[in-house]
Amino acid sequence: MALDQILTFDPGDPEFLDDPYPELNRLREATRVFYDEGRERWFVTRHEDVRSCLRDKRLGRNFRHVLTPEEIGVPPLDPRWSAFWGTERWSLLWLEPPDHTRIRKLVAAAFTPRSVESLREPSAELARQLLDPLAEAGEMELLYDYAQPYSIAVICRMLGVPLDRHRDLLDWSHRMVKMYEFDVPLEAAEAANRAAAEFTEYVQELIRERRAKPCDDMVTGLVEARVDGERLSDDEIVSTVIVLLNAGHEATVNTLGNGLLAFARRPDQWRRVVSGDVRAATAIEEMIRFDPPLQLFERWVLADDVVVGDVPIPRGQKIAMLFGSANRDPRVFDRPDEFDVGRENAARHIGFGGGIHVCIGAPLARSELEASVEALCRLWPDFELVEEPRRTGAFVIWGLEGLRLARG
Ligand code: HEM
């Protein structure tokens, strides 16, 4: 195959989105790093290189703390989407040290192993409550009927956000995360910006309430927190609450959808978990490795002399790490295209990232996924697809439109 055929790819192509892995495999085996002219990015394909990029302090999720947009030739942020940029401004995913360190420390204080552990039993109970009536009905749309209400309830409980607006929270989040895709259409950007404005107003109101009447919850914790004698600003709290709420369900829900689809196609693997041969804790790592809910993360090169793989990449350039490709790297995983739910080294997947931005919610996500798989094993020991599911059409946030399952 000619190089120019291999070294470009189009994440918007419906055929690619139908099953991206053959193309990702081709790219990874052809090269460690390639430049995409149209998207002006360096794509990184292999496990070893993605892993080391994630840990490289000369690469940042943002550049604005050290470089101006003019210096590296990128347009300034589009002022039409100021409500969206406002929510990003203090998000952990937008910040680099020292601001990142300051806010991450506060959030980490709430995500201790103990606080996550204390959610384990209530989360398992919630899984049962939601799945019981669905098992009786014999059919469900896994994402709408179970994964979304489940995951949003767990993160809301952790933060102390009431559940009465949970469909709004899901809707705001779905619209906002469209901004992380390539080639965002105008209407999608407008919808994301409106969602960000409504979400901001909602969280501001919550902050006012907690300030007037403190509760034993994380929003109150953020309102009252002091770092070196300084309180967080309202803008900082709004961004932090929004990133936790959004990151706190999108990927978990899509892991359940992608993972249960993999099981539907390989019922022999589901039987290994149902029978107890493979523990849920092991199975969820393979679910994340095999079809990760987040396919790509980016970094800016902030220093000179950065070499990725064997390619020098100049300061001010953008790198895109292909997680799905890294997770199928045969240099790390035997028979990587096989869904092997008992795979011993599945947890070496890149799914939760690494370095200073490593997923702060990983212990919570693991506990939710485990509780869900265990409850599903008991209540849905046999299931089949009611219809072939459709993908959402997005690549970065990788999930299904829905997944209709029937008990066998
Ligand atoms: C299976 C589920 C999940 C997956 C696969 C996942 C994956 C990731 C990844 C890959 C990153 C790093 C991004 C980067 O390096 O650029 C990240 C960051 C983050 N995740 Fe998760 N996540 C999941 C669930 C959660 C949950 C339940 C929460 C709830 C709090 C959460 C909160 C966050 C936050 C706040 C960050 C930003 C951390 C920082 O920048 O310092 N995630 N996640």
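**Exercise 1. In which sense do β4 and β12 pair, and over how many bridges?**

Solution. This is a predicted model. Strand β12 covers residues 404-407, and β4 pairs with it in the antiparallel sense over three bridges. Within β12, arginine 404 stands opposite glutamate 141. The next step is to place the pair in its sheet. That sheet is open and has three strands in the order β4-β12-β11, with antiparallel pairing. β4 (139-141) and β11 (383-385) are the edge strands, each pairing on one side only. On average, neighbouring strands of this sheet are turned by 25 degrees against each other, direction ignored.

**Exercise 2. Find the helix that lies across β4 and β12, then describe how it crosses α13.**

Solution. The helix is α9, which runs at about 65 degrees to β4. Helix α9 spans residues 142-159 and helix α13 residues 234-265; their axes come within 9 Å and cross at roughly 145 degrees. The crossing is right-handed. On the α9 side, the contact residues include Leu142, Ala147, Ile152 and Leu159. On the α13 side, Val241, Gly248, His249 and Leu260 are among them. Sorted by type, the residues of this contact are 12 nonpolar, six polar and no charged.

**Exercise 3. Describe the hairpin of β1 and β2, and say which residue in it takes a positive phi.**

Solution. Start with the strands: β1 (residues 33-36) and β2 (residues 41-44) run antiparallel and are joined by four bridges. Valine 33 has valine 44 in β2 as its bridge partner. Four residues lie between the strands, and glutamate 40 takes a positive phi near 50 degrees.

**Exercise 4. Is proline 314 buried or exposed?**

Solution. First locate the residue: proline 314 sits in the loop between β9 (311-313) and β10 (318-322). Then count neighbours. A residue is exposed if 12 or fewer other C-beta atoms lie within 10 Å of its own. Proline 314 has 11 C-beta neighbours inside 10 Å, so proline 314 counts as exposed. As a distance check, its C-alpha atom is separated by 21 Å from that of proline 97, 217 residues apart along the chain.

**Exercise 5. Why does the radius of gyration of the protein agree with that of a compact globule?**

Solution. For 408 residues, a compact globule would have a radius of gyration near 22 Å; the protein has 21 Å, so the two agree. The C-alpha trace spans about 65 × 60 × 40 Å along its principal axes. Of the 408 residues, 40% count as buried. Among contacts between residues at least 6 apart in sequence, 73% join residues at least 24 apart. The protein has 17 helices and 12 strands.

Terms used: Residues are numbered from 1 along each chain as its sequence is written. This is a predicted model: local features need pLDDT of at least 70, side-chain atom pairs count only at pLDDT 80 or more; totals for chains, interfaces and linings use all residues. Axes are lines fitted to C-alpha atoms, for helices over the stretch in contact, and angles run from 0 to 180 degrees between N-to-C directions. Helices (H or I, at least four residues) and strands (E, at least two) are DSSP runs, numbered from the N terminus. A crossing is left-handed if the near helix is turned anticlockwise from the far one by less than a right angle, and right-handed if clockwise. Two residues are in contact if their C-beta atoms, placed from the backbone, lie within 7 Å. Ala, Val, Leu, Ile, Met, Phe, Trp, Tyr, Cys and Pro count as nonpolar, Asp, Glu, Lys and Arg as charged, and the others, Gly among them, as polar. A residue is buried if 20 or more other C-beta atoms lie within 10 Å of its own, exposed if 12 or fewer, and partly exposed in between; C-beta atoms are placed from the backbone. The radius of gyration is taken over C-alpha atoms; the globule rule is 2.2 Å times the number of residues to the power 0.38. Two strands pair if DSSP finds at least two bridges between them.
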